[in-house]
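These are my notebook entries on one structure. I looked up cysteines, a surface patch and an acidic side chain.

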Amino acid sequence: MMKVTRLVREEVDRKNRYFREAETEIAENNLRLMKVLSLVTAAILLLFFALTPVIIPGWTITLQHALMLPASLLLCAGAELGRRKKVRPRTATGMCLLFEVVLFVFIILIDVFQAPNVPASFFPLLCVALPTLFILPFWMSYSLMLVFEAVFIVTAMVFKLPDVGRYDILNALAGAAFSVAVAQTVMHLRLQDYDVRMRYEQLSTQDTLSGILNKKAAVEAVERYLHGHASHTTCALLILDIDDFKLVNDRLGHYTGDILLRAIGELLGETFRSTDVIGRFGGDEFLVLVKNTADQNVLEAKCRTIQERLSRSAALEGDLHVTCSIGGVLADGQNMSYEELFRQADGALYDAKAAGKNRYELRTYQQR
């Protein structure tokens with residue numbers, strides 16, 4: 001019993017994380033699907049209008065059918081407009097719920113009021129299909145469905161022949177029950193797909209040796225930050241280089257060198273915030289973008305901490321101690337490019353190494 005409870009809790013946590021982390025992607029997919037479903041609904045209606053009089057002699061288009069066609073086209077236009085305007089996720093969710101409401105209303109009007117002596121054709125199918133189409137929280141989809149299940153049951157009891165009404169109610173309840181299993185299966189597959197994609201994305205951005213961002217991902221993250229803050233960027237870019245790393249590899253082997261690189265990745269992760277950008281830039285070079293701060297005292301303290309902890313924890317063999325040099329540039333409310341910021345930080349690193357290694361050199365960003 002405890003194992004089942006734990007599995008249920010883990011599944012709920014996965015769903016909550018999915019809706020929280022992928023809300024923009026979900027909104028875009030929902031609007032795209034809403035557009036397609038609206039067009040498909042309009043196409044089915046036109047086909048229905050053409051074939052039904054042939055199959056059922058004497059059948060004529062009712063007001064419900066006639067109004068459903070322009071309603072579908074309006075929903076299609078709304079979905080396309082929402083996509084182009086990039087509406088907020090909550091707005092996209094509201095539009096999808098509106099689509100479901102419109103569809104439920106027209107199907108009830110057609111199935112209940114068009115022919116009281118004929119069993120419902122569409123409502124049970126709608127109950128099965130609709131919760132699986134849009135990516136919505138379970139409670140949201142089924143709260144709406146329960147409301148329209150109740151409306152359908154009441155109207156079927158009042159306006160349909162008793163035997164036909166009971167038959168329709170049974171089919172509607174069966175459709176709703178069956179949809180729960182289908183919807184949960186579809187959601188489980190969506191979660192699996194999302195987890196796989198996130199794992200692949202993590203592997204594509206992570207340096208497998210040090211456990212932090214690789215060069216490409218780190219540079220892209222820095223550029224996004226600079227672009228997002230335009231002409232008032234406040235940050236510090238630090239470049240860390242291990243002194244005489246080749247000597248470590250030559251004397252102790254590449255396996256020891258790999259352990260050292262992994263340890264430095266962990267050290268940087270402990271020293272800086274999770275919101276900062278930390279990446280391995282090259283063989284023995286690391287890059288850190290410290291966001292929203294240009295306080296030289298704070299950054300000098302962090303540089304000293306890194307050098308002291310590295311020197312203390314990495315006395316490898318005999319008189320071979322590991323040290324590092326750090327070059328950094330501090331920018332306070334300035335406009336800059338990544339290339340220029342990196343060039344100045346790299347120049348500071350060069351001067352730190354030229355001054356005797358195991359040093360840090362921090363400078364103020366110079367506007368060109």
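I took helices (H or I, at least four residues) and strands (E, at least two) as DSSP runs, numbered from the N terminus. The model is predicted, so I kept local features only at pLDDT of at least 70 and side-chain atom pairs only at pLDDT 80 or more, while totals for chains, interfaces and linings use all residues. Residues are numbered from 1 along each chain as its sequence is written, and side-chain values use heavy atoms, without hydrogens and water.

Entry on the acidic side chain. I located Asp-284 in the loop between β2 (277-280) and β3 (285-291). I found Asp-284 buried (under 20% relative accessible area, 1.4 Å probe, protein chains only; exposed is over 50%, partly exposed in between). Asp-284 has no salt bridge (a side-chain nitrogen of Lys or Arg within 4 Å of a carboxyl oxygen of Asp or Glu). The nearest side chain of opposite charge (Lys and Arg positive, Asp and Glu negative; His and chain ends not counted) is Lys-353, 6.2 Å away. Beyond neighbours within four places in sequence, I listed its contacts (heavy atoms within 4.5 Å), among them Leu-240, Ile-242 and Phe-245.

Entry on cysteines. I counted 0 disulfides (pairs of cysteine sulfur atoms within 2.5 Å). The sulfur of Cys-96 lies 13 Å from the closest cysteine sulfur, in Cys-76, and is therefore too far for a bond. Cys-127 is in no disulfide either, with the sulfur of Cys-96 nearest at 18 Å. I noted 0% relative accessibility for Cys-96 and also for Cys-127; Cys-96 is buried, as is Cys-127.

Entry on Ile-56. I placed Ile-56 in the loop between α2 (23-55) and α3 (63-85). Ile-56 is partly exposed, at 45% relative accessibility.
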